[in-house]
Amino acid sequence: MPFELPELKYEYNALEPVIDAKTMEIHHDKHHAGYTNNLNTALEKHAELESYSIEKLLKNLADIPEDIRTSVKNNGGGYYNHALFWEFMIPGGAKKPSGELLKMIDESFGSMEELKDLFSKEALGRFGSGWAWLVSDANKDLEVLSTPNQDSPISMGLTPILGIDVWEHAYYLNYQNRRADYVKAWWSIVNWDVVADYYKAI
Ligand code: MN3
């Protein structure tokens, strides 16, 4: 079964003024659609992979046939990372995590503010295109890291529970070269309920 572009659960303009409608439209309808189509095209060459979930593909890159491995890594990563990214954001969502996740954030980083500082540093320090992530390992230990291109933490055996796209296509129309302003503003649209749910599910 070919992968399908997930629909946005909110309007293009729902995240304004943090992310403008035009950026959301191009990002979802062109960039995410492109990764989805390119992933499907790559997989057409290998029918034996057609039952694989996106998670299984990305967790087992070393087993993917060499002729499509890079394409699956880049386009599969793009497909998966963006599907998560839309979920991580919401207009007017919970402003901070609660329960188990909040407790672990305090234990792991000291406080929410320290987590935000660390995460923002990763987002700003990622040279070129990539992502910053809050991830959990199988023991539910938390870590902040960044990845280049469309590399996904899931390929490193980690579960992404929050991530920000810092490719220029994610912010350039509104922020131009001011990635720091985009990252700072972005915290106000994080959907902490979803982040807590992803963490709980590990
Ligand atoms: Mn993107």
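Is Val183 buried or exposed? With a relative accessibility of 1%, Val183 counts as buried, because anything under 20% falls in that class. Keep in mind as you look around that this is a predicted model. Val183 sits in helix 7, and if you set aside residues up to four places away in sequence, Val183 touches Ser120, Ala123, Leu124, Ile164 and Val166. For a sense of scale, pick out Phe3: its C-alpha atom is separated by 30 Å from that of Val183, and the two residues are 180 apart along the chain.

One of those partners, Ile164, takes us to the nonpolar interior. The largest nonpolar core has 61 residues, and those with the most contacts inside it are Leu162, Ile164, Tyr182, Trp186 and Trp192. Helix 3, residues 66-88, gives the most to this core, with 8 residues. Both domain 1 (20-88) and domain 2 (99-200) supply residues, so the core lies between them. Leu162 is a good place to zoom in: beyond its neighbours within four places in sequence, Leu162 is in contact with Phe88, Phe119, Ala132, Trp133, Leu134, Trp186, Trp187, Val190, Trp192 and Val195.

Now follow the strands. They form an open sheet of 3 strands in the order 2-1-3, with antiparallel pairing. At the edges are strand 2 (142-148) and strand 3 (159-165), each of which pairs on one side only. On average, neighbouring strands of this sheet are turned by 25 degrees against each other, direction ignored. Strand 1 (residues 130-136) runs antiparallel to strand 2, and 7 bridges join the two. You can trace the pairing through Gly130, which stands opposite Pro148, and through Leu134, whose bridge partner is Val144. Although strand 2 is an edge strand, 5 of its 7 residues are buried, so strand 2 is largely enclosed by the rest of the structure.

The helices deserve a look too. Two packed helices are described by the angle between their axes and the distance between the axes. For helix 3 and helix 8, that angle is about 125 degrees and the axes are 8 Å apart. This makes helix 3 oblique to helix 8. Leu84, Glu87 and Phe88 of helix 3 make the contact with Val194, Val195 and Tyr198 of helix 8. Beside helix 8 in sequence comes Asn191, in the loop between helix 7 (179-186) and helix 8 (192-200). Asn191 counts as buried, at 7% relative accessibility. Apart from its neighbours within four places in sequence, Asn191 is in contact with Glu87, Phe88, Met89 and Ile90.

Finally, a few backbone details are worth checking by eye. Most residues other than glycine have a negative phi, and most peptide bonds are trans. In the hairpin of strand 1 and strand 2, with 5 residues between the strands, Lys140 takes a positive phi near 70 degrees. Asn149 also has a positive phi, of about 55 degrees; Asn149 is in the loop between strand 2 and strand 3 and is partly exposed, with a relative accessible area of 39%. Gln176, in the loop between helix 6 (172-175) and helix 7, has a positive phi of about 50 degrees. Gln176 is partly exposed as well, with a relative accessible area of 31%. Towards the start of the chain, in the segment before helix 1 (21-43), you will find Pro17. The peptide bond from Glu16 to Pro17 is cis, with omega near 5 degrees.

Terms used. Residues are numbered from 1 along each chain as its sequence is written. This is a predicted model: local features need pLDDT of at least 70, side-chain atom pairs count only at pLDDT 80 or more; totals for chains, interfaces and linings use all residues. Side-chain values use heavy atoms; hydrogens and water are left out. Helices (H or I, at least four residues) and strands (E, at least two) are DSSP runs, numbered from the N terminus. Buried means under 20% relative accessible area, exposed over 50%, partly exposed in between (1.4 Å probe, protein chains only). Contact means heavy atoms within 4.5 Å. Two strands pair if DSSP finds at least two bridges between them. Axes are lines fitted to C-alpha atoms, for helices over the stretch in contact, and angles run from 0 to 180 degrees between N-to-C directions. A nonpolar core is a set of buried Ala, Val, Leu, Ile, Met, Phe, Trp, Tyr and Cys residues joined through side-chain atoms within 4.5 Å. Domain bounds come from an automatic or database domain assignment. Angles under 35 degrees count as roughly parallel, over 145 as roughly antiparallel, 65 to 115 as roughly perpendicular and the rest as oblique.
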